[in-house]
Amino acid sequence: MSANWIWAAPALLLLAACQSMAPPAAAPAAPVAAPAAAPPIWQQGRSADQASSTLAPVPGRMIATAASEIPVASLKAPAGFKVELWASGMPGARAMVRGDSGKVYIGTRALGRVYEVTDSGAARTSRVVVDKLTQPSGVALRNGSLYVFAIDKVLRFDGIESNPTAQPVDMTAVFKLPPEQHHNWKYVAFGPDGKLYVPFGAPCNICEPPPEYAQLRRYNADGSGMEVIARGIRNTQGFAWHPVTGELWFTDHGRDWMGDDTPEDELNRMPRAGLFFGYPYCHAGGVPDQDIKKANACDGVTLPVQTMGPHAAVMGVHFYTGNMFPAEYKNVLFVARKGSWNRTKKFGYDVVTVRTDADGKNARIAPFLTGFLDSSTEAFSGRPTYFLQLPDGSLLISDEQLGAIYRVSYAR
Amino acid sequence: MCAGAASAAPSAERLAVCAGCHGANGQSAVAGTPSLAGQPRVFIENQLVIIREGLRDVPVMKPFVAGLSDEDIGALAAHYAALPPKVPAAAPQPDKAKAGAALAQRLLCPTCHLPTYAGQQQVPRLAGQDETYLVAAMKQFRDHPGPGRDTIMAATLRGLNDDELAQLAHHLAHARP
């Protein structure tokens with residue numbers, strides 16, 4: 001990566017607006033005095049005409065929302081689909097993974113917790129497996145071991161499903177986590193190759209990322225064999241492997257402060273390792289960055305399969321492989337759009353499907369689950385975040401804002 | 001449509017405990033202790049949660065938050081958010097306040113805290129806040145931003161010297177709500 005870094009000291013970077021609830025970890029390194037004339041570095045990337053904007057990230061809800069206050073009845077899915085509240089009372093619930101016993105493990109960000117949900121059939125109960133971590137949003141299961149990725153820590157709980165008090169093995173050192181926090185809360189997953197895929201987001205809104213950021217790596221489960229398999233990824237918070245081709249598909253959040261409608265978030269396909277996906281020079285479907293200029297900015301960039309809307313906050317993705325939904329949903333990609341903050345009118349706050357050929361061509365987006373956002377008032381209830389397909393073919397969808405999980409089922 | 005907390009009001013006993021430091025009606029009379037009145041509900045909620053969870057370390061608060069349930073926190077936040085904010089009594093020193101105002105504009109404080117410094121959602125009200133507390137809080141952000149302290153705040157205050165923090169605090173403490 002070029003040494004032309006716009007930002008200097010470590011923690012001095014970030015969004016061009018206030019952050020909701022991300023607690024930082026270690027104290028920053030040597031302070032840098034901002035020159036009197038230049039704008040502060042944290043608002044880098046904001047144009048002059050947005051100087052009076054008061055757009056700010058949507059605050060999460062850190063206390064439990066009672067089931068009675070979750071407006072499931074307002075949610076709409078296509079004909080034949082039913083949406084019900086499956087679990088609640090877990091503020092900050094994000095990515096979900098399911099063990100062989102049926103227990104579901106769920107990561108969070110600011111609250112620092114990992115939840116374990118038990119399904120008794122009639123109801124779901126939850127407990128906190130671990131807390132006080134720095135944004136432990138990454139969870140993965142392999143051979144009965146739960147892997148928890150916080151920003152600055154990796155813990156492995158062996159045999160967690162049968163041994164609830166399993167003490168974690170601290171794996172932090174082997175994964176070589178870099179120090180910056182921004183965009184480094186994780187989504188992680190084991191691939192079909194048995195390797196653990198871990199992204200490292202750009203530690204800023206827009207900047208030349210240092211060599212260990214804006215990339216996707218994979219490791220063996222023990223942390224060995226680290227490889228950087230893709231670069232130019234600003235902030236991916238969801239990926240999945242195509243059921244037929246085995247290729248990795250991932251979402252990527254576009255930068256802020258280039259206006260309401262550009263650049264859009266991305267849905268990308270990774271047919272092989274070693275590709276460059278554009279950041280910081282080229283965004284979305286081929287939009288050169290306005291601040292970090294490069295001649296022929298989009299040359300050599302692997303462009304997205306589909307742009308996913310402006311500031312949509314694309315999160316989890318899931319290829320449906322069950323038999324409950326109609327056949328037309330087989331191998332179709334579901335994408336959760338948590339919803340925008342850097343836009344004067346809200347966008348997203350829904351779940352869509354993206355139908356494409358296996359090589360990503362002929363992409364068509366269609367709404368799947370809506371009703372979270374009332375566009376006439378700009379009020380929203382929840383923010384859909386991640387998916388988990390159950391053995392019966394129903395689909396769980398987490399709602400980070402309401403700390404709830406919905407179950408979508410289908411019956412003729 | 002946002003799931004609103006239909007929480008019961010906090011008990012008089014609990015509020016009396018809070019008032020011991022934070023003042024009657026959430027208006028602090030103790031230098032170094034923040035006023036709570038008129039703080040955005042989400043801000044109070046979030047701070048009480050992260051203090052309770054130990055993510056934000058405030059030793060003096062520990063015994064008071066230890067047993068608070070999520071419902072208790074929701075009720076306390078709603079209660080204090082609805083109270084009228086403290087109006088600054090004295091007039092500011094003009095030069096100091098002017099310097100602070102210039103700094104605040106340069107650092108774009110009004111973006112998140114709003115031009116009135118009333119705050120919004122998870123961003124606190126600064127207008128009329130206790131000046132000593134503001135200085136201490138800003139120093140924490142600048143020098144020891146630990147878990148529970150916003151990363152944007154740490155970045156914004158980096159590199160400011162103590163005089164500049166004092167000017168900012170003076171300007172904000174005297175901003176009329």
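**Helix α2 of chain B and its surroundings**

Helix α2 of chain B covers residues 41-52, and at 1.5 Å a residue its 12 residues should span 16 Å; the C-alpha atoms at its two ends sit 17 Å apart, which agrees. That spacing, like everything else here, comes from a predicted model.

What surrounds this helix? Of the 12 residues of α2(B), 11 are buried, so the rest of the structure largely encloses it. The buried set starts with Val42(B), Phe43(B) and Ile44(B), carries on through Glu45(B), Asn46(B), Gln47(B), Leu48(B) and Val49(B), and finishes with Ile50(B), Ile51(B) and Arg52(B). As a bit of background, an α-helix has 3.6 residues a turn, so residues three or four places apart point the same way. Which helices do the buried residues of α2(B) pack against? They pack against two helices of chain B, α3 (62-65) and α4 (70-81). Just after α2(B) comes Gly54(B), with a positive phi of about 85°.

Zooming out, chain B has nine helices and zero strands. Read from the N terminus, its elements go α-α-α-α-α-α-α-α-α. The radius of gyration of chain B is 16 Å, close to the 16 Å given by the globule rule for 177 residues, so chain B is as compact as a globular protein of that length. Its C-alpha trace spans about 45 × 35 × 35 Å along the principal axes. Of the 177 residues of chain B, 46% count as buried. How much of the contact network links residues 24 or more positions apart? Looking at contacts in chain B with a separation of 6 or more, such pairs account for 75%.

Chain A brings in a sheet. Five of its strands line up as β10-β11-β12-β13-β17, making an open sheet with mixed pairing. At the edges are β10 (189-190) and β17 (275-276) of chain A, each pairing on one side only. Strands of a sheet pair through backbone hydrogen bonds, either parallel or antiparallel. Strand β12 (residues 215-219) of chain A and strand β13 (residues 227-231) of chain A run antiparallel, joined by four bridges. Within this pair, Gln215(A) has Arg231(A) of β13(A) as its bridge partner.

How confident is the prediction for chain A? Its mean pLDDT is 89, and 89% of its residues reach 70 or more. Residues 1-41 of chain A, though, have a pLDDT below 50, and this stretch has 128 contacts in the model beyond near neighbours in sequence. Where pLDDT is low, the predicted coordinates should not be read in detail.

Technical notes
Residues are numbered from 1 along each chain as its sequence is written. Chains are lettered from A and ligands numbered from 1 in the order in which they are written. This is a predicted model: local features need pLDDT of at least 70, side-chain atom pairs count only at pLDDT 80 or more; totals for chains, interfaces and linings use all residues. The expected span of a helix is 1.5 Å times one less than its number of residues. A residue is buried if 20 or more other C-beta atoms lie within 10 Å of its own, exposed if 12 or fewer, and partly exposed in between; C-beta atoms are placed from the backbone. Two residues are in contact if their C-beta atoms, placed from the backbone, lie within 7 Å. The radius of gyration is taken over C-alpha atoms; the globule rule is 2.2 Å times the number of residues to the power 0.38. Two strands pair if DSSP finds at least two bridges between them. pLDDT is the predictor's confidence in each residue, from 0 to 100.
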